[in-house]
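Please open the model in your viewer with the cartoon and the side chains available, and follow the stops below in order. Each stop gives a selection to make and then describes what is found there.

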Amino acid sequence: MSKGERTKTKSQSAREKIKAQQAEARAREKRRRVVAYTTASVVAVAAVGLGVWYAASTSRSEEAGAALAPVTVQPDGSVVMANAGVAAPVVDIYEDFQCPACKELERVSGPTFKNLAAEGKAKVVFHPITIFSQEPTKSNSVRAGSAARCIADGKQWMAFHDLLYKNQPPESEVGFTADQLKQWGKDAGVTDPGFDACVTSNKNADAQLAFSKKVSEEQKLDHTPTVKLNGTEIDNPVLFSPSQLRDEITKAAK
């Protein structure tokens, strides 16, 4: 082999070696990227999973305890649920029995309010009002609120309160009829012999409307539910997240 041929062979060998090294480098970089992408995907999936878990855990309703704090019906139609001697923090619940969002609040966070009162960590005050101005929702609400005012016993009132939400009619339909309200009163354990007549006559309708107007103006209410903690409205994301709601109220108790 001539000197020129040997030089040419060495040059080809060097180029082939360089190409091989470059190919190997590209292969390593590809493997690195695959590992990086896979790792990032796993982390992203884990983060999404953690977010879903957190959202589910904070929105999970509590189980209501077997015992309620004492419930006292006030002369103005508001209702206090609190253990003896518990005066703060005060949780004011402004609700309308015909309001779908109020029904959802009762479903999601109602047990939390009851439990906090039973644990002596809050004084909970219910203010059943009529906020609707259009029919048939207005009349539905007035009949329900008027019927609730026919009950003087706190425990019976609370049972009736819960049944009203459980059986809430659609907003577009006439509901909360006298016959229905009387039956739910029996289901709630109401024993007052004057209850049926009170419901049938819609005896407390004017009082319900007057109370609603007074409370709405004083509290500057434009929606239900409105829940205030020591006079400050609780934001909806907290209100409909039982664990966050519990944290906010218990912090106010310290």
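Begin by selecting strand S3 together with strand S4 (residues 123-128): the two run parallel and are joined by 6 bridges. Strands here are DSSP runs of E of at least two residues, helices are DSSP runs of H or I of at least four residues, and both are numbered from the N terminus; two strands are taken to pair if DSSP finds at least two bridges between them. This is a predicted model, in which local features need pLDDT of at least 70 and side-chain atom pairs count only at pLDDT 80 or more, while totals for chains, interfaces and linings use all residues. Residues are numbered from 1 along each chain as its sequence is written, and side-chain values use heavy atoms, with hydrogens and water left out.

**The sheet**

Stay on S3 and show its side chains. Val90, Asp92 and Tyr94 point one way from S3, whereas Val91, Ile93 and Glu95 point the other way, and all are buried, where buried means under 20% relative accessible area, exposed means over 50% and partly exposed lies in between, with a 1.4 Å probe and protein chains only. Because 6 of the 6 residues of S3 (residues 90-95) are buried, this strand is largely enclosed by the rest of the structure. Select Glu95 and look across to S4, where Pro128 stands opposite.

Now add strand S2 (residues 79-81), which runs antiparallel to S4 and is joined to S4 by 3 bridges; Val80 in S2 has Val125 of S4 as its bridge partner. Widening the selection to the whole sheet shows 6 strands in the order S1-S2-S4-S3-S5-S6, forming an open sheet with mixed pairing. Strand S1 (71-73) and strand S6 (232-233) are the edge strands, each pairing on one side only.

**From Glu95 to helix H4**

Return to Glu95 and select His161, a residue of helix H4. The side chains of His161 and Glu95 make a polar contact at 3.0 Å, a polar contact being a pair of N or O atoms within 3.5 Å, of which, within protein, one must be able to donate a hydrogen and the other to accept it, with residues adjacent in sequence counting only if both atoms are side-chain atoms. Is His161 buried or exposed? His161 has a relative accessible area of 1% and is therefore buried. Setting aside residues up to four places away in sequence, His161 touches Glu95, Phe97, Glu106 and Phe126, contact meaning heavy atoms within 4.5 Å.

Extend the selection to the whole of H4, whose 13 residues reach 18 Å from the first C-alpha to the last, close to the 18 Å expected at 1.5 Å a residue; the expected span is 1.5 Å times one less than the number of residues. Buried residues in H4 include Trp157, Phe160, Leu163 and Tyr165. At the N-terminal end of H4, select Asp153, which caps the helix with a side-chain oxygen 3.1 Å from the backbone nitrogen of Lys155.

**The disulfide**

Next select Cys150 and Cys198, which form a disulfide with their sulfur atoms 2.0 Å apart, the criterion being a pair of cysteine sulfur atoms within 2.5 Å. The link of Cys150 and Cys198 is left-handed, with -80° about the S-S bond. Cys150 lies in the loop between helix H3 (137-148) and helix H4 (154-166), and Cys198 lies in helix H6 (residues 195-200), so the pair ties together parts that are 48 residues apart in sequence. Cys150 is buried at a relative accessible area of 9%, and Cys198 is buried at 10%.

**Helix H2**

Finally, select helix H2 (residues 100-118), which has 19 residues and reaches 26 Å from its first C-alpha to its last, close to the 27 Å expected at 1.5 Å a residue. Center on Ser109, where H2 has a kink of about 60°, shortly before the proline Pro111; the bend at a residue is the angle between axes fitted to the seven residues ending there and the seven starting there. Beyond H2 comes Gly120, with a positive phi near 75°.

Within H2, select Leu105, which counts as buried at 4% relative accessibility. Leaving aside neighbours within four places in sequence, Leu105 is in contact with Gly110, Phe113, Pro225, Val227, Leu239 and Phe240. Leu105 and Leu239 are 134 residues apart in sequence, yet their C-alpha atoms are 7.7 Å apart in space.
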